[in-house]
Amino acid sequence: MFGKSERVLKIVQAGDPVLRQEARALSPDEIRSRPIQDLVRNMRATMRKAPGVGLAAPQVGEPLRLFVVEDRPEFQQKQSADELMRMERHPVPFYAVFNPVLTVDDDAPCDFFEGCLSVGDFRALVRRARAVRVLGLDENAAPIEVRAIGWHARIVQHEYDHLQGMLCIDRMEARSFSTLENFSRHWAHLPVDELRRQLRIED
Ligand code: ZN
């Protein structure tokens, strides 16, 4: 029906006002429109190129309630089986969700470092709920329910925040803020308890 061409879009960086706006919902007709179908495909290409595991429309300059997620098996090859188990990280096939409504299914606190394609090469410890569910519309404007646990739940909460004009730095443990290089060198392989102790983060 539509062309197959896709474009890698520019990802806006922290300080761009669009990242602080509340994004607006789309009607089913808008979702099925050519420009929005193109946007979904371009966001997928942009996320893959970055590479990233999630991307929200405001990050490409569009204040719309839409995000895409995909956690490809090859993104997880650098991590040990032990790390993947601690993160509860499993591959997630691509999906797009419009007008999401988020509910927490398990509020057990999970502390891990995360980053954002709109916050340069930085990482910080962010506390997220262990399991969430999202109700919304898919790219055909059909109802979709996504149940997410562990790392996938973290991705969903992170992308959902973008639609409220929030960034992970609003929720981060400020003392943990690290460049990606320093994160990899000093913190990436430490258990959470140990890095909280070394960073002197109070409970
Ligand atoms: Zn982000």
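This report looks at the zinc site, a nonpolar surface patch and the internal cavity of a predicted model.

Let's start with the metal. The zinc ion is held by three residues: C116 through SG, and H158 and H162 each through NE2, at 2.1 to 2.3 Å. Read along the sequence, these donors follow the spacing C-x41-H-x3-H. C116 sits in the loop between β3 (92-114) and β4 (122-137), while H158 belongs to helix α4 (residues 151-163), so this pair ties together parts that are 42 residues apart in sequence.

How covered up are the residues here? The cut-off for buried is under 20% relative accessible area, and over 50% counts as exposed. C116 and H158 are zinc donors, whereas I169 comes from the surface patch.

| Residue | Relative accessible area | Class |
|---|---|---|
| C116 | 5% | buried |
| H158 | 7% | buried |
| I169 | 31% | partly exposed |

On to the patch. F122, I169 and F177 make a nonpolar surface patch of about 230 Å². Of these, I169 is found in the loop between α4 and β6 (178-179).

Now for the inside. How many cavities of 30 Å³ or more does a search of the whole structure find? Just one turns up, and the volume of the largest cavity is about 60 Å³. Its lining ties the earlier threads together: the zinc donor C116 is one of the lining residues, and F122, I169 and F177 are also among them. Other residues lining the largest cavity include E114, G115, V119, C168 and M172. By element, β4 gives the most to this lining, with four residues.

Note on methods: Residues numbered from 1 in each chain as written. Predicted model: local features only at pLDDT ≥ 70, side-chain atom pairs only at ≥ 80, totals over all residues. Heavy atoms only, no water. Donors = N, O, S within 2.8 Å, 3.2 Å for Na, K, Ca; no water. Helix = DSSP H or I, 4+ residues; strand = E, 2+ residues; numbered from the N terminus. Buried < 20%, exposed > 50% of the residue type's maximum accessible area, 1.4 Å probe, protein only. Patch = residues over 30% accessible without salt bridge, like charges linked within 9 Å, V, L, I, M, F, W, Y side chains within 5 Å. Areas by Shrake-Rupley, 256 points an atom, 1.4 Å probe, with all protein chains shown as cover. Salt bridge = Lys/Arg side-chain N within 4 Å of Asp/Glu carboxyl O. 1 Å grid on protein atoms, 1.4 Å probe; cavity = no way out; pocket = protein on both sides within 12 Å on 5 of 7 lines; lining within 4 Å. Points joined across faces, edges and corners; volume = space filled by probe spheres on them.
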